Amino acid sequence: MKIVTTGLCAEYNFGCPSILHGMETLLKTLHGEDVEIVNYQPTVPDPVAVSDLGFPTKTNRSDYQTLLKVWKTGKGAPEDLELIADLESADLVADLYGICFCDNLEKRKYSYLSMRARKLKFHPIVFLAKKMGRRVVKNTASFGPMETEYNAKSAKFAAKHMYDVLCAREVQSKISLCHAIGTDKEVLLSPDTANLMPWTPAPRKNRVGISASHQIVKQWKSPEGYVECMVALGKYIHSLGAEILFLPNEYDPAKADNDVAVCRMIQEELAKAGVPSEIADVLQMSSTALKNEIAACEVVVASRYHTCVAALSSGTPVLVLGWHYKYQELLSLYSQTQWLINQDACDSEKLVNLFRRFWELREENRQTIQAQYPLVRAKVIDTGRVLYGGV
């Protein structure tokens with residue numbers, strides 16, 4: 001069994017390698033150790049980012065028309081010929097990108113030609129695989145909300161021209177997608193593949209992990225600012241005698257908008273109040289090392305989805321400040337929905353009071369999470385059999 005994956009860049013975003021590790025676990029569970037996985041991305045991967053992956057990540061930046069010409073003529077750049085050979089020998093191709101057709105993230109004026117052009121630009125491997133007759137799977141992802149014409153019609157186009165089957169990771173995502181595309185294409189439902197990412201158990205530390213997010217700052221709607229709320233929480237955590245470790249999830253140093261910048265803002269304000277904290281050096285850590293750090297926390301406070309997944313799948317209680325229904329449904333898988341504050345209903349007092357109860361009940365929560373994990377894992381594997389075959 002050979003599977004080509006695309007849609008993710010392994011570096012600078014913990015969520016991407018989380019999904020890749022989960023895919024590796026899923027496919028080896030279904031097909032054994034002999035399954036062949038080849039991952040393609042448009043950037044040259046950072047060596048640290050791919051150091052713990054058990055399969056190759058290759059780079060291809062060519063556009064669809066170039067790849068199509070190479071396939072038809074058998075002539076072209078070596079990296080294009082290598083991609084063509086991988087696709088021709090693949091049993092299927094999987095697009096792993098984690099959130100699509102979302103009004104919160106993309107609002108554009110709709111025209112068919114511009115929408116199609118963007119799809120071809122960002123998904124050349126998917127289009128070529130379909131042209132070659134390969135089965136193409138949209139791996140488990142969040143979809144919507146998609147009330148805008150652009151996202152609704154993008155979803156319908158993708159379902160018709162790009163994917164043989166699509167899988168949603170929330171009930172609401174499935175509802176939104178089915179509403180947009182109709183009943184012509186099957187939509188499966190499964191927890192996120194990253195729930196299967198391995199980790200190494202270790203003694204817990206008297207530490208609260210904080211996964212701050214530049215994305216929630218953009219989505220924030222409460223009168224009191226996100227940073228101010230997190231500073232108040234940090235002061236309370238310090239009063240409990242616990243350490244604070246910031247866990248950036250998205251951290252491309254070339255971009256002004258990244259989680260490290262938000263973590264530093266909170267850290268600087270805490271330092272003014274005499275509260276020490278540390279920011280994990282994620283640029284020098286593999287994704288496995290970062291998940292192990294998350295798993296070793298007493299509890300985690302998170303505004304990043306895949307930090308939540310990493311914590312819950314390793315038995316660590318999570319209090320979530322969220323901006324999308326994906327957080328609510330993830331917590332529901334682990335019977336933890338009481339530990340969520342949305343971005344439009346948060347203030348310092350409410351956050352600290354909720355954390356106080358959360359901290360007091362952390363052992364009870366941990367036991368509940370650990371009891372739910374086998375059920376979550378089984379759902380991912382059961383849906384994986386439909387997506388990817390296997391025993």
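This is a short walk through one predicted model, covering its strands, salt bridges, cysteines and one threonine.

Let's start with the open sheet. It has six strands, in the order β11-β10-β9-β12-β13-β14, and the pairing is parallel. Which strands sit at the edges? They are β11, residues 278–279, and β14, residues 340–342; each pairs on one side only.

Look at the β11 end. Strand β10 covers residues 243–246 and pairs with β11 in the parallel sense, over two bridges. To place that pairing on screen, find L245: its bridge partner in β11 is E278. Helix α11, residues 259–272, packs on the sheet here and touches both β10 and β11. The direction of α11 makes about 155° with that of β10.

Now helix α15, residues 348–360. Which strands does α15 lie across? There are β9 at 207–211, β12 at 299–302, β13 at 318–322, and β14. Helix α15 runs at about 155° to β13.

Next, please move to strand β6, residues 135–143. Eight of its nine residues are buried, so β6 is largely enclosed by the rest of the structure. Its pairings are worth going through one by one.

First stop, β4, residues 92–95. Four bridges join β4 to β6, and the two run parallel. Here A94 stands opposite V137 in β6. Then β5, residues 99–100. That strand is joined to β6 by two bridges, again parallel. C100 has F143 as its bridge partner in β6. Then β7, residues 165–168. Three bridges connect β6 and β7, also parallel. The partner of A141 in β7 is A168.

How do we get from β6 to β7? Through helix α7, residues 149–161: β6, α7 and β7 make a right-handed β-α-β unit.

A general reminder before the charges. Side chains of opposite charge can pair when their charged atoms come close. How many salt bridges does this model have? The count comes to 24. I'll show three.

Number one is E82 with K58. The closest N and O atoms are 2.9 Å apart. E82 lies in helix α4, residues 78–89, and K58 lies in strand β3, residues 57–59, so the pair ties together parts that are 24 residues apart in sequence. Are the two partners buried or exposed? E82 has 39% relative accessibility, so it counts as partly exposed. K58 has 19%, so it counts as buried. The cut-off for buried is under 20%. Both residues also belong to a network of salt bridges that links K2, E36, K58, E82 and D86.

Number two is R304 with D259. Their side chains meet at 3.2 Å, N to O. R304 is in the loop between β12 and α13, the latter at 305–313, while D259 is in helix α11. That puts the partners 45 residues apart, in distant parts of the chain. R304 and D259 are both buried. We have met α11 already: it is the helix that touches β10 and β11.

Number three is R362 with E298. The closest N and O atoms are 2.8 Å apart. R362 lies in helix α16, residues 362–388, and E298 lies in the loop between α12, at 287–295, and β12, so this pair ties together parts 64 residues apart in sequence. E298 has 9% relative accessibility and counts as buried.

On to the cysteines. How many disulfides are there? A search of the whole structure finds zero. Take C167. It is in no disulfide, and the nearest cysteine sulfur, that of C178, is 11 Å away. C167 is buried, with a relative accessible area of 0%. Now take C297. The closest cysteine sulfur is in C263, at 12 Å, which is too far for a bond. C297 is buried as well, again at 0%.

Last item: T383, in helix α16. T383 has a relative accessible area of 10%, so it is buried. What does T383 touch? Leaving out residues up to four places away in sequence, the contacts are C167, L188, L189 and S190. So one cysteine we just looked at, C167, turns up again beside this threonine. And α16 is the helix that also holds R362, the partner of E298 in the third salt bridge.

That's the tour.

Definitions and conventions:
Residues are numbered from 1 along each chain as its sequence is written. This is a predicted model: local features need pLDDT of at least 70, side-chain atom pairs count only at pLDDT 80 or more; totals for chains, interfaces and linings use all residues. Side-chain values use heavy atoms; hydrogens and water are left out. Two strands pair if DSSP finds at least two bridges between them. Contact means heavy atoms within 4.5 Å. Axes are lines fitted to C-alpha atoms, for helices over the stretch in contact, and angles run from 0 to 180 degrees between N-to-C directions. Buried means under 20% relative accessible area, exposed over 50%, partly exposed in between (1.4 Å probe, protein chains only). A crossover is right-handed if, with the strands pointing away from the viewer, the path from the first strand over the helix to the second runs clockwise. A salt bridge is a side-chain nitrogen of Lys or Arg within 4 Å of a carboxyl oxygen of Asp or Glu. A disulfide is a pair of cysteine sulfur atoms within 2.5 Å.
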